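Here's a quick walk through the model, one chain at a time and then the place where the chains meet. Keep the structure open while you read.

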Amino acid sequence: MAEGRVAGRAVAERDFAAVLAQVKPEAERLMALYPEKRSALLPMLHAFQNVEGWLSPEAMAEAGRMLSVPLSVVESTASFYTLFFRRPIGRYMLQVCRNLSCRMNGADDVMAYFRERLGVGHLQTTDDGTFSYEEVECLAACDRAPSMQVNLEFVYDLTPEKIDELIAAMKAGTYEVAPLPQTAMPARDWHVGQDTGRKSPGGQDVSHPNAPGGMGDPSGIDLIERLARSPYPIEARPTQERLVREGAERLKHAPHNGEVEH
Amino acid sequence: MPVVKVLTEGIGEVNLRDIGEYRKRGGYEQWQRVATTMSPADVIDLVSKSGLRGRGGAGFPTGRKWQFLPNNGRPRYMVCNCDEAEPGTFKDHLLLEETPHQVIEGMLIGSYAIGSNHAFIYIRGEFKRGFDIFSAAIEEARAAGMLGDNVFGGEFSIELTPHRGAGAYICGEETALLNSLEGKRGEPRLKPPFPAIKGLYGEPTVVNNVETLAFLPHIVKNGPEWFAKVGPEKSPGYKIVSVSGHVKKAGNYEVPLGTTLRELLEIAGGARDGRTIVAIQPGGGSSACLFEEDLDLSYDFDTMAAHKTMLGSGAVVFFDDTTDFVKAAHALVRFFAHESCGQCTPCREGGHWLELTLERLLHGGGLDSDIDLLVSVSHQMTGLNLCPLGDSIEPFLASVVKRFEPQFRRYVKHAEPATV
């Protein structure tokens, strides 16, 4: 019996051997479909996630064993795709479209309403483990904007009333789309990787543009301003790192207020 | 010009997911005719003569694409691209779910033409329902003897495998799609070699869009002239156009190429009451905007290209005079920043910083120089990447900054001078 190494209260004792027994026949069918069995990786990860509700480390390790692919490669591959959840998620995954046509038809209000009703933000799960919420890119349903998916089933023409009904039905367990299996209790932030926090290429947290180090931060503005107005031809421009270093150096040697340089 | 029904015939009226219903309307007859009476060269010739151009975005002539395959005796693969994720596009979604057999028939004809014995369809991860519908349709077709070993008692054998992605726009790029289909990260490959030479598993491969392949049974049935005589000479045929944005009746409308943008607007119910259309994005999120004075342009590959934009995947978004183009630009820039695979620095970093710059503008912390920055950064990203994703930000962003610059300036609040 494998112990999940991910934090969170266990819903029930996890029995990965049972999961594996359930997935194995499907995994073998999938491997036989392709001239090279590694092609079965994505379908196999889907198969594990369908049973467990998320993509557990054990599932990735097992998929790697079956396909003779190192675990590091499986994890790297899984991390590339947004529909593989490498942390436990809620029983309803709510994915609201934030792209152009939906935004032109009220998606900003829809997203604000969802955040308020659920009390969570983008890439988060409610404390009771029922809802995970994500704002996603174009779902190819622009004719009925604003749109979303609930556990990958489409919901169209969203309005506040519709959202209220949706949430109430899910809470009551009467919603038409089946809940996802839940084998481990999700933490608040379920997403792994670069999207968990907004980081600048220099590594600063820029989750808000005016956060220290963010684009709205005066020093950040100065850096970009200087890059934009730099007299150097592009190829001769100093790297950002050097710019910052030089700036800091100049600051160190700069005369203090009211003091006369000796 | 009226809406036509070729690929969309019967949708919404009968259940075309059912093979019986599809065959009642002549379905799979063309596949049988091709497999039993025509040579692969005949099919390629027919498709070349029809002038069919790829419906996925690039508009490359389909017949010519097929002819690039080398005669090296290696296995060949046909891959149908159903990773539909271009903002504003929702036509493949419709075909996949509503007429799966038409797509299968097209895939079979295409596979036969290029001599492939194994075809794949790559379906975007979000289309879980579409994947289930399509998988069921493949099994129905198999049971009816449409695919498998020695179809119709002949020598040709064909296997068809549906494959579901897992959420990555970039997998719509053909080499990224092939990597993803091989079980790898969906990162585009360096080209050349092109997929026609080294594609799936390193073998000659053709990647065709869903709509492109769905046209094949109709071209075989009606002859190449039927298709070639519709619309402009070099950009002929029909096209499903996904119309959305500020219109009364957004939807998929099948029209002859050469229909004007104004006619498309009328077909989609026109602008909202009391509003006027001020801009049109004619070919998905990667295309440059056209404006109200361009409404009478002919909607076809070459006219769009001549006006420095593109027909792309056939997604037309109409913007009316209520549009905040800073927000619209932000939605699309954020999209491309989010979907960059990260291999090429200009695309990975450029998109990210453009998104942050737009966010700063939207939050009232922008600078006057930000407007020039948007234009120069997006331009500097262009042409320096392995695939077209990094080049996809500039067209829309630059076109709306130029046209609606006051909207961008309105967001600028002068910050305190920097104090380093």
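## Chain A: how it's laid out

This is a predicted model, so read everything below with that in mind. Chain A splits into three pieces: domain 1 covers 16–80, domain 2 covers 92–172 and domain 3 covers 198–253. If you go from the C-alpha centre of domain 1 of chain A to that of domain 2 of chain A, you cover 29 Å.

As for secondary structure, chain A carries nine helices and five strands. Reading from the N terminus, the order is α-α-α-α-β-α-α-β-β-β-β-α-α-α.

## Chain A: packing

How much of chain A is buried? Of its 262 residues, 38% count as buried. Looking at contacts in chain A with a separation of 6 or more, 59% are between residues 24 or more positions apart.

## Chain B: domains

Chain B also comes with a domain assignment: domain 1 (19–228), domain 2 (238–320) and domain 3 (325–410). The C-alpha centres of domain 1 of chain B and domain 3 of chain B are separated by 34 Å. These two domains do touch, with nine residues from domain 1 of chain B and eight residues from domain 3 of chain B taking part in the contact. On the domain 1 side of that contact in chain B, you'll find six nonpolar residues, one polar and two charged.

## Where the chains meet

Now for the interface. Here 62 residues of chain B are in contact with 50 residues of chain A. On the chain B side, several elements chip in at least two residues each, among them the helices α7 (128–143), α8 (174–181), α15 (345–362) and α16 (369–381), plus the strands β3 (159–164), β5 (238–245) and β6 (251–256).

Which element of chain B gives the largest share of the side touching chain A? That's α14(B), with seven residues; this helix spans 325–339. By residue type, the side of chain B that touches chain A breaks down into 20 nonpolar, 27 polar and 15 charged.

## How confident is the model?

For the model as a whole, the scores are ipTM 0.94 and pTM 0.88. Chain B has an average pLDDT of 95, and 98% of the residues score at least 70.

One stretch of chain B deserves a separate mention: across residues 415–420 of chain B, pLDDT is below 50. In the model, that stretch has 14 contacts beyond near neighbours in sequence.

Note on methods:
Residues are numbered from 1 along each chain as its sequence is written. Chains are lettered from A and ligands numbered from 1 in the order in which they are written. This is a predicted model: local features need pLDDT of at least 70, side-chain atom pairs count only at pLDDT 80 or more; totals for chains, interfaces and linings use all residues. Domain bounds come from an automatic or database domain assignment. Two residues are in contact if their C-beta atoms, placed from the backbone, lie within 7 Å. Helices (H or I, at least four residues) and strands (E, at least two) are DSSP runs, numbered from the N terminus. Ala, Val, Leu, Ile, Met, Phe, Trp, Tyr, Cys and Pro count as nonpolar, Asp, Glu, Lys and Arg as charged, and the others, Gly among them, as polar. pLDDT is the predictor's confidence in each residue, from 0 to 100. A residue is buried if 20 or more other C-beta atoms lie within 10 Å of its own, exposed if 12 or fewer, and partly exposed in between; C-beta atoms are placed from the backbone.
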